[in-house]
Amino acid sequence: MFSALFRILRGCTGRVMINLLRFAWRGYWTVKAFERRQRKGQPFFPAFLMLSITSRCNLRCRGCWVTPTDPPHALTLAQLNGIIACARKYGSSFFGILGGEPLFHPDLFTLFETHPKAYFQLFTNGTTLNDEIAVRLAKLGNVTPLISIEGLETESRLRRGRDDVFSRSLTGLRACVRAGLFTGVAASITQRNFSELVSTDYLDFLVKEGVHYIWYYIYRPCGNDPDNDNALDHDRVLELRRFIVEQRRQAKLFIIDAYWDADGKAVCPGAMGLSHHIAPNGAVEFCPVIQASTTFLNSDASNLEKAFQEDSFLQNLRTFSARQGRSCVLMENPGELGAFLTENHAVDSSNRDFLSTLNQRCRFVCHDLPGEEIPERSFAYRLMKRSCFFGFGAYG
Ligand code: SF4
C-alpha cells in the first residue's frame with residue numbers, strides 16, 4: 001500500500017494530487033451522505049453516476065454492450081451540466097465518463113473545464129490519447145484516465161477487432177504517465193485473457209509503465225456479438241478473487257474491484273443504489289449492461305430527480321435484484337430479469353433487442369461465491385471496503 005501511495009506522490013503533478021486528495025475526501029463524505037439517506041429513508045439519489053456520453057467508438061470489441069448507431073447517440077452539454085448540478089445537491093461530485101469512446105465527444109473538455117470541483121474517471125480505450133490531450137487533462141487535474149486493455153497484443157487484436165490496439169493503448173497510457181496524471185488500467189477478465197492479465201508479471205509490467213491502479217472487471221457477454229464461451233467459470237472467478245486479495249498485500253499499485261465487500265461477500269453496485277447509469281440516448285438505467293428504462297432525460301436533465309424519486313422502476317429493480325441474490329442479476333438470472341422488466345413496462349434502451357432476447361440468454365457464473373468467500377487480508381483494503389463499500393441495507 002505505501003509503495004503504491006509513494007508512486008502516486010512521485011508520479012503525479014501537484015494539481016493532479018490536490019484534486020485526487022479532494023476527491024478522496026469528498027468521495028468518503030458522498031458515501032456517508034448516501035448511507036444516511038438510505039438509512040433515514042430520505043429521497044433517493046445514488047452516490048455515483050456513470051455517464052455514457054457517446055455511443056461513437058473506433059473499435060468494435062466482442063461482448064461490448066454499446067450498439068453503434070448512425071448518427072451516434074450523445075448526451076448534450078446541457079444534459080451533462082444538468083446532471084452534475086442535480087448530483088451536487090446530494091453532495092455527489094464523482095462521475096464515471098464512458099462511451100463508446102468518450103474522447104470522441106466534442107464537448108468533453110468543456111465539461112471538465114466547466115466543473116473544476118467535480119472529479120471524472122475517463123473510461124477510454126486509449127487509442128486516440130496523445131501527449132497533447134494528456135497534458136491538457138493534467139492542467140485541469142480533475143480527471144483520472146482509466147485505459148481499458150483487454151489482453152496483450154494477440155488477445156487485444158482478437159477481442160477488439162484491430163491489429164494495433166494494444167500498442168496504441170500503450171502509447172496513450174505512456175502519454176498519461178508522462179503528463180503526471182493519476183493513471184489507471186481496466187481489464188474485463190475472460191477465459192482467454194486470464195493467464196495474461198491475472199498475473200504478477202502483468203502487474204509488474206503496469207508498475208514499470210508507471211500505472212497507479214488497475215480495475216478488475218468480470219467479463220459480461222453482451223451486445224450483438226457476446227462471445228459466451230469467453231465468460232469465466234466458477235473456478236476462474238474464485239482464482240481471480242484469491243489473486244486480488246493476495247496481491248493487495250504487496251502490489252505497488254492499487255487493485256480495485258466493485259464486486260466484493262470486506263468479508264468477500266458479493267455485492268451489486270446497482271442493487272445497493274450506490275451507482276446508476278445514464279446511456280448516450282438519455283435513458284436512466286440501473287447499470288450500463290441492463291439496457292432498459294422507464295425514464296429518458298429531457299433536454300436539460302431537469303427530470304433526473306423524478307427518475308430516481310417519483311418513478312418506482314429503479315427502486316423496484318434494486319429490490320428485485322437483491323432478492324435474486326448478491327451477484328449480477330444479468331449474468332445469473334437473465335430470464336427472471338426479462339420477465340421483471342416486461343412486467344414493469346421498461347423500454348428497451350439498447351438500440352438493439354436487449355429486452356426480447358433476455359429469456360434466450362444463457363446463465364453465467366458471476367462473483368457470488370457462497371461458502372467460499374475470501375475476506376480482505378490487507379488491513380487498509382478492509383478499512384476502505386468497510387467504510388465505503390458494503391451492502392447499504394440492500395441485502396438486509
Ligand atoms: S447487475 Fe451486474 S453489471 Fe449491473 S451493477 Fe450489478 S453486478 Fe454490475
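How many nonpolar, polar and charged residues does the shell around the ligand have? I took this as my opening entry, noting that the model is predicted.

**Entry: ligand shell**

I listed the surroundings of the ligand and found R220, C268, P269, G270, F286, C287, V289, I290, C328 and H367. By class, I recorded seven nonpolar, two polar and one charged residues in this shell. Cys and Pro count as nonpolar and Gly as polar, so I entered C268, P269, C287 and C328 under nonpolar and G270 under polar. R220 belongs to the shell, and Arg counts as charged.

**Entry: cavities**

I next looked up the enclosed spaces. The count gave three cavities of 30 Å³ or more. For the largest cavity I noted a volume of about 110 Å³. Its lining consists of 15 residues, and those nearest the centre of the cavity are V66, A279, P280, Q291 and N351. I then sorted the lining of the largest cavity by class and obtained four nonpolar, ten polar and one charged.

**Entry: second largest pocket**

I turned to the second largest pocket, which holds about 220 Å³ of space. This pocket is lined by 14 residues, with C222, G223, P226, T357 and R361 closest to its centre. I classed the lining of the second largest pocket as six nonpolar, five polar and three charged residues.

**Entry: helices α6 and α7**

At what angle do the axes of α6 and α7 cross? I read roughly 105 degrees for helix α6 (residues 153–160) against helix α7 (residues 165–178), and their axes come within 7 Å. Angles of 65 to 115 degrees count as roughly perpendicular, and α6 is therefore roughly perpendicular to α7. On the α6 side I noted E153, S156 and R160, which meet V165, F166, S167 and S169 of α7. The residues of this contact comprise two nonpolar, three polar and two charged.

**Entry: helices α2 and α5**

I examined helix α2 (residues 14–40) and helix α5 (residues 131–140), whose axes lie 7 Å apart and which pack at an angle of about 55 degrees. I therefore entered α2 and α5 as oblique to each other. Which residues make the contact? I found R15, V16 and N19 in α2, together with A138, K139 and L140 in α5. By class, the contact of α2 with α5 divides into three nonpolar, one polar and two charged residues.

Note on methods:
Residues numbered from 1 in each chain as written. Predicted model: local features only at pLDDT ≥ 70, side-chain atom pairs only at ≥ 80, totals over all residues. Heavy atoms only, no water. 1 Å grid on protein atoms, 1.4 Å probe; cavity = no way out; pocket = protein on both sides within 12 Å on 5 of 7 lines; lining within 4 Å. Points joined across faces, edges and corners; volume = space filled by probe spheres on them. Near = heavy atom within 4 Å. Axes fitted to C-alpha atoms, helices over the stretch in contact; angles between N-to-C directions. Helix = DSSP H or I, 4+ residues; strand = E, 2+ residues; numbered from the N terminus. Parallel < 35°, antiparallel > 145°, perpendicular 65-115°, else oblique. Contact = heavy atoms within 4.5 Å.
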